[in-house]
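Please find below my notes on the model under review. They are set out as numbered points, to be read alongside the coordinates.

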Amino acid sequence: MPRSAIVLGAGMVGVSVALHLRRRGYDVVLVDRREPGEGASFGNGGLIQREAVFPHPFPREAREIGRVAWNRSIDVRYHPLAMPGFMAPLLRYWWHSEPARYAAAVEGHAALIRTCLDEHLALARGTPAMALLRPIGWMRLYSSAPMLEAALAQAEQARREYDVNYVALDGAALAEAEPHLLAARAGAIHWTDPLSVSDPHALVLAYAGFFQQEGGAFRIGDAATLRRAGSGWAVRTADGEVEAGEVVIALGAAAGEVTRPLGYAPPLFGKRGYHMHYGLRGNAVLHRPVLDTESGFLLAPMRAGIRLTTGAEFARPGAPATPVQLERAEPVARGLLPLGERVEGVPWMGVRPCTPDMLPVIGRLPGQAGAWCAFGHAHQGLTLGPTTGRMLAEMMTGEQPFVSPEAYRAERFLRRGMAA
């Protein structure tokens, strides 16, 4: 008799888990309150980031912390009344960003990142989804020579230690590569390995389509209704209650709402982000995504137009959207690229699920037989969905995981002290 699983959450991570389980013979029902890909996977820079071997540490320089504290920047913003709720996870985040501990986070992060291109291509190759994956990389722009030199030193470390490829461009080479940029920059790093996705939502839908074509089922349902059903699990959906022998919680920033009643309270915290699409004036073209380091926003050519994405906003769960960063970024972006009118009337907003040690939670849910975790991927859910899907499916079927799972175990947040 085939094994069965409910996968809660139909973003890139959940869809990938469901697809890999189905391909290993599981009867799988994928459950979400919305259609696949309509959460955090919908709004992002659309990059499969093979270069992202260094996760984002908490800033440790007083000047940088002071800049953020003023709450006037484009890349980071916070709601003052929300900050007491963030103090504990942010303090842990700061602690894990200490150089020696951060080095361990890099090793764990890089072990996953190394696999991301191969795992996406294993799903997409030979299918219409390949048309969504553009092998053009992306560029990070720098306003000053010292900033560029420091970034190039880290880029060289990434190449030396993690086989990441890049090309350094001076100001003239950047202007030649992207001739419609309106402002000069000292130079750029062109990360050449990453794939740029022309429509991230369409990519999630494509993978969800493979899952359903191969016999998997999708249901609209409420993850909060998850309960024990004998030796297995049950959840209510619009088509009635669904039961299975195992459950995977792949709910991104909302995962803790389901795991806490089951005795597991990971220190997840959410970072909100916004995006808006624009046309381009005249015959202007943007050939590849560009991130302006000084301003902290990304401009990415998408099917829907040029997507302007913001950095991180810290707010209480469920707080109304406050796209202040987008309002700050837009005039700066118009000075960098000849943007036309907004395509949408209202900005998109989503929440990235973050952990203090900068690593996702992948593996068994402590104390609950047949329950599994796949969440906490921060900015890299789109990048690491297929990797996580394969890795967790191998763990669930008793195979040897192709990436060692030790660094991502949920139990690490049960330990006493700051490390928890």
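1. Leu 392 is in contact, beyond its neighbours within four places in sequence, with Val 17, Val 248, Ile 362, Gly 363, Trp 372, Cys 373 and Ala 374. The model is a predicted one, and these contacts should be read as computed from it.

2. Leu 392 belongs to the largest nonpolar core, which holds 86 residues. Together with Leu 21, Tyr 207, Val 248 and Phe 314, Leu 392 is among the members that touch the most other members. Helix α8 (residues 200-213) supplies the largest share of this core, namely eight residues.

3. A second core, separate from the largest, comprises 25 residues. Among them are Leu 226, Tyr 264, Cys 373 and Phe 413. Cys 373 thus appears in two places in this note: as a member of the second core and as a contact of Leu 392.

4. Helix α3 (residues 83-96) has 14 residues, which at 1.5 Å a residue should span 20 Å; the C-alpha atoms at its ends lie 19 Å apart, in agreement with that expectation. The helix nevertheless contains a kink of about 35°, centred on Pro 89.

5. Which residues of α3 are buried? They are Met 83, Phe 86, Pro 89, Leu 90, Tyr 93 and His 96; the residue at the centre of the kink, Pro 89, is therefore one of the buried set, being listed with a relative accessible area under 20%. The elements covering the buried residues of α3 include β4 (76-78), α4 (99-113), β15 (269-280) and β19 (312-314).

6. Three strands form an open sheet in the order β3-β9-β5, and their pairing is antiparallel. β3 and β5 (133-134) are the edge strands, each pairing on one side only. Between β5 and β9 (residues 195-197), the antiparallel pairing runs over two bridges. Arg 134 has Ser 196, in β9, as its bridge partner.

7. Gln 49 lies in the loop between β3 (47-48) and α2 (62-69). Is Gln 49 buried or exposed? With a relative accessible area of 15%, Gln 49 is buried, because the cut-off for burial is under 20%.

8. The side chain of Gln 49 makes a polar contact with the side chain of Gln 380, at 3.2 Å. Neighbours within four places in sequence aside, the contacts of Gln 49 are Ile 113, Cys 116, Trp 138, Pro 194, Gln 380 and Thr 383. Gln 380 accordingly figures both in the polar contact and in the contact list of Gln 49.

Note on methods
Residues are numbered from 1 along each chain as its sequence is written. This is a predicted model: local features need pLDDT of at least 70, side-chain atom pairs count only at pLDDT 80 or more; totals for chains, interfaces and linings use all residues. Side-chain values use heavy atoms; hydrogens and water are left out. Helices (H or I, at least four residues) and strands (E, at least two) are DSSP runs, numbered from the N terminus. Buried means under 20% relative accessible area, exposed over 50%, partly exposed in between (1.4 Å probe, protein chains only). A polar contact is a pair of N or O atoms within 3.5 Å; within protein, one must be able to donate a hydrogen and the other to accept it, and residues adjacent in sequence count only if both atoms are side-chain atoms. Contact means heavy atoms within 4.5 Å. The expected span of a helix is 1.5 Å times one less than its number of residues. The bend at a residue is the angle between axes fitted to the seven residues ending there and the seven starting there. A nonpolar core is a set of buried Ala, Val, Leu, Ile, Met, Phe, Trp, Tyr and Cys residues joined through side-chain atoms within 4.5 Å. Two strands pair if DSSP finds at least two bridges between them.
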